[in-house]
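Visitor: Hi, I have a protein open here and would like some help reading it. Could we go through it piece by piece?

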Amino acid sequence: MIKILVLLCIGRQLVQAVPLSPTEVEDFLIDPRYYSYDELTNAFRKLETENSQIAKLVSVGRSVKNRELWALHINANVHNRTLLTPMFKYVGNMHGDESIGRQLLIYLAEYLILNYGKVERVTQLVNDTDIFLMPSMNPDGYESSQEGLCESKPRYVGRENENSVDLNRDFPDQFEPHRAGTILSGRQPETVAMMTWIISRPFVLSGNLHGGAVVASYPYDDSNAGVQCCRESKSPDNEIFKQLALVYSDRHSIMKTGKACKNDNFPQGITNGAYWYEVRGGMQDFNYVKSNCFEVTFELSCCKYPPAQTLPQEWATNKESLLSFMEAVHWGVKGLVMNEHGDPVLDADVVVKGIDHNITTSNRCEFWRLLLPGKYSIYASAFGYSPSDTVEVEVAPGKTTIQNFTIKLETQQGNELRTNNGAIGGDRWYWGA
Ligand SMILES: *[C@@H]1O[C@H](CO)[C@@H](O)[C@H](O)[C@H]1NC(C)=O
Ligand SMILES: *[C@@H]1O[C@H](CO)[C@@H](O)[C@H](O)[C@H]1NC(C)=O
Ligand SMILES: *[C@@H]1O[C@H](CO)[C@@H](O)[C@H](O)[C@H]1NC(C)=O
Ligand SMILES: *[C@@H]1O[C@H](CO)[C@@H](O)[C@H](O)[C@H]1NC(C)=O
Ligand SMILES: [Zn+2]
């Protein structure tokens, strides 16, 4: 009891330390508690019903026990994404007993909706960003977990899904030998739902919320070095991943110390995933390797499922990080790739010289290329077409550069291929809007 009172006091202080603007609403912090699956379902239904112009409830799939993987879609034009509006997602609670992120995403949904049209920053974010908030990717695990437990239960009940599978080890891995069957065979329903969502929609940036440590961890999580830890596994976008991780950590008063939990030592509160410890089959690497989406993992608390009294404090500590990381989806260059007649070219590669990782165009021929401020040489290319001219593009801090590319059909053969709806090349993914 004494402990709880102390926590409450600390919570108050921190909440007060970040003054709200006069119009800002955070009523959801009153009487803090974790929402069960049913409460989450009702809360999101209510948000949708009462704010149908900017909020839409979507189910990405179902868990083993048939619970919906709910995501709340928030945007000023939620029923018809405006061309070139980038898609962003937060996914929480894939380990069902890591609960802070789950409740913070419910708060974030309420915060964005309640403050739309009141707080300029929120209005702009919701106007310009296609936001998806999924509080729980493992609703079955959550229902088997217990508030107040800082560590996982025996046999990882709650952390894993209902079939005792760790969902963050169940994704295809770039360093794993190919399994028999299709890329989806033998995987859990939650994993299949997420894979399908990730590869069929043009997400640009994503945060994956966990608990049990306090750090921002960026790709790669895996390597082919055959070691458990302590060796970096860098992706071609290592520099921007570091900065994206820092966006979160810098604004989180505890994470940025890098020493929040016992034995933690993360300079600036960030780490390369594999340097910390190798994860094979994780969702973060899958996003980057198999889609256009860049994902960073945020570990939010030493205690996996702390008492609900800590939630207002956690909201105050994470709010600025959560918002700023979403805003980072606007870093870099975006535009359209068209042929010489102005027709969209989907599944075109957008190539940044010096970074060995392409972005491909959506079925509305849009691309978004996350980049740090600087000068880049960029061109577009598609099967059957001659590459576009290479353009020198300047990226300035805090602002999106718009750059279109025009490419020309190469040959008669290219003409036939073009009608093949972008599903060329066999192992390429098709991008839905
Ligand atoms: C979506 O908006 C575009 C214009 O931005 C319009 O051309 C299109 O018809 C709209 N689609 C639907 C389904 O409303
Ligand atoms: C948001 O969009 C609305 C409707 O288009 C517009 O009136 C408002 O000025 C925009 N506000 C910001 C901050 O972008
Ligand atoms: C990127 O696209 C270019 C042009 O299509 C291609 O030559 C290159 O191999 C691609 N790079 C990667 C890493 O896929
Ligand atoms: C990009 O192309 C679109 C569609 O043709 C056009 O509306 C837009 O003005 C172009 N933007 C730039 C910066 O060229
Ligand atoms: Zn976790």
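Guide: Gladly, and one term will help us before we look at a strand: a residue is called buried if 20 or more other C-beta atoms lie within 10 Å of its own. Please also keep in mind that this is a predicted model.

Visitor: Okay, so which residues of β4 are buried on one side, and which on the other?

Guide: On one side of β4 the buried residues are Asp130, Phe132 and Met134, and on the other side they are Ile131 and Leu133, so that both faces of the strand are covered, by the cut-off of 20 or more other C-beta atoms within 10 Å. Counted along the strand, which spans residues 130–134, five of its five residues are buried.

Visitor: Which way do β2 and β3 run relative to β4, parallel or antiparallel?

Guide: Strand β2 (residues 68–74) pairs with β4 in the antiparallel sense over three bridges, whereas strand β3 (residues 87–92) runs parallel to β4 and is joined to it by five bridges.

Visitor: And what stands opposite Ile74, and what is the partner of Lys89?

Guide: Ile74 stands opposite Ile131 in β4, and the bridge partner of Lys89 in β4 is Phe132.

Visitor: Changing topic, what does UniProt list as "active site"?

Guide: The UniProt entry, which is unreviewed, lists Glu299 under that heading. In the model, Glu299 is located in strand β8, which covers residues 294–301.

Visitor: Why does Glu299 count as buried?

Guide: Glu299 counts as buried because it has 27 C-beta neighbours inside 10 Å, and the cut-off for that word is 20 or more. If we leave out residues up to four places away in sequence, Glu299 touches His210, Gly211, Gly212, Ala213, Val214, Val215 and Ser217.

Visitor: What about Asp221, where is that one?

Guide: Asp221 is in the loop between β6 (213–218) and α7. It is buried because 27 other C-beta atoms lie within 10 Å of Asp221. Setting aside neighbours within four places in sequence, the residues in contact with Asp221 are Gly273, Ala274, Glu278, Val279, Gly282, Gln284 and Asp285.

Visitor: How far apart are Asp221 and Ile131, the residue we met in β4?

Guide: They are 90 residues apart in sequence, and from C-alpha to C-alpha they are 25 Å apart in space.

Visitor: Let's zoom out, what domains does the protein have?

Guide: The domain assignment gives domain 1, residues 29–330, and domain 2, residues 332–418. Their centres, taken over C-alpha atoms, are separated by 29 Å. In the contact between them, domain 1 takes part with 14 residues and domain 2 with 14 residues.

Visitor: Which elements give two or more residues to the side of domain 1 that touches domain 2?

Guide: Those elements are β5 (203–210) and α7 (238–250), and α7 provides the largest share of that side, with three residues. Sorted by class, the side of domain 1 that touches domain 2 has nine nonpolar, three polar and two charged residues.

Visitor: I also see an open sheet of four strands, so what is its order?

Guide: The order is β11-β10-β13-β15, and the pairing is antiparallel. The edge strands, each of which pairs on one side only, are β11 (359–360) and β15 (391–395).

Visitor: How many bridges join β13 to β15, and how many pair β10 with β13?

Guide: Five bridges join strand β13 (residues 374–381) to β15, while strand β10 (residues 349–352) and β13 pair over four bridges. Going through some of the partners, Lys375 has Glu394 in β15 as its bridge partner, Gly374 stands opposite Val395 in β15, and Val350 is partnered by Ala380 in β13.

Visitor: Last topic, the ligands: which residues surround ligand 3?

Guide: Ligand 3 is surrounded by Asp349, Val351, Asp356, His357, Asn358 and Ser381. By class, this shell around ligand 3 has one nonpolar, three polar and two charged residues.

Visitor: And what is around ligand 2?

Guide: Around ligand 2 are Ala76, Glu120, Thr123, Gln124 and Asn127, and the shell of ligand 2 divides into one nonpolar, three polar and one charged residue.

Conventions
Residues numbered from 1 in each chain as written. Chains lettered and ligands numbered in written order. Predicted model: local features only at pLDDT ≥ 70, side-chain atom pairs only at ≥ 80, totals over all residues. Near = placed C-beta within 6 Å. Nonpolar A, V, L, I, M, F, W, Y, C, P; charged D, E, K, R; others polar. UniProt positions renumbered as here; feature names shortened; annotations may be inferred. Buried ≥ 20, exposed ≤ 12 C-beta atoms within 10 Å, placed from the backbone. Contact = placed C-beta atoms within 7 Å. Pairing = 2+ DSSP bridges. Domains from an automatic or database assignment.
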